[in-house]
Amino acid sequence: MILIVGATGTLGNLVTRALIAKGHSVRAMTRNPSTAIELAAIGAEIVRGDLRDVESLAPATHGVRAVVSASPALLGRGAASREAIDDACQGPHTDSGRQAGVQHFVLRPRHGRPPHLPWLSRAR
């Protein structure tokens, strides 16, 4: 199972569809599951999750072998800004995933190794 974070966004939607087309099992994480009806129709398992809500991450990562983060927060402001999501939220998400046994993470850091993921350079 591969978890796509931000599956209903532009990038996440494309990645989800491509993985399903290649025969992969995909769990699509979105803040609003009602926006993922089309992804469910093509075979994605939909899960509600929000990077800002640490408690929502454990169910999303349970049984997942890989996580693809497609949640760039490019247009958000304040608590949904790029800095808030990338710097404050991806760390807890990857921690939750590692505790759940996730083997691979595909992240899109802004530049270099994110300071909240010191293990990333060892995991590449």
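**Figure 1. Surroundings of the buried residues of helix 1 in a predicted model.** Strand 1 (2-5), strand 2 (26-30) and helix 2 (37-41) are among the elements that cover the buried residues of helix 1. Those buried residues are Gly 12, Thr 16, Leu 19 and Ile 20. They lie on the same side of helix 1, because the arc they cover around the axis is only 100 degrees. An α-helix has 3.6 residues a turn, so residues three or four places apart point the same way.

**Figure 2. The other face of helix 1 and the residue Gly 23.** Thr 10, Leu 14 and Ala 21 are exposed and sit on the face of helix 1 turned away from its buried side. Gly 23 follows helix 1 and has a positive phi, near 90 degrees.

**Figure 3. Length of helix 1.** Helix 1 runs over residues 10-21, which makes 12 residues. At 1.5 Å a residue it should span 16 Å, and its end C-alpha atoms are 17 Å apart, so the two values agree.

**Figure 4. The largest nonpolar core.** This core has 12 residues in all, including Ile 2, Leu 19, Val 26, Leu 39 and Val 68. Strand 1, helix 1, strand 2 and strand 4 (66-69) each give two or more residues to it. Apart from this core lies another, of 11 residues, among them Leu 3, Leu 51, Ala 60 and Val 102. In soluble globular proteins, nonpolar side chains tend to be buried together.

**Figure 5. Contacts of Ile 4.** Ile 4 is one of the residues of the largest nonpolar core. Leaving aside residues up to four places away in sequence, Ile 4 touches residues including Gly 12, Thr 16, Leu 19, Ala 28, Met 29 and Ala 70.

Conventions
Residues are numbered from 1 along each chain as its sequence is written. This is a predicted model: local features need pLDDT of at least 70, side-chain atom pairs count only at pLDDT 80 or more; totals for chains, interfaces and linings use all residues. Side-chain values use heavy atoms; hydrogens and water are left out. Helices (H or I, at least four residues) and strands (E, at least two) are DSSP runs, numbered from the N terminus. The expected span of a helix is 1.5 Å times one less than its number of residues. Buried means under 20% relative accessible area, exposed over 50%, partly exposed in between (1.4 Å probe, protein chains only). The arc is that of the directions from the helix axis to the C-beta atoms. Contact means heavy atoms within 4.5 Å. A nonpolar core is a set of buried Ala, Val, Leu, Ile, Met, Phe, Trp, Tyr and Cys residues joined through side-chain atoms within 4.5 Å.
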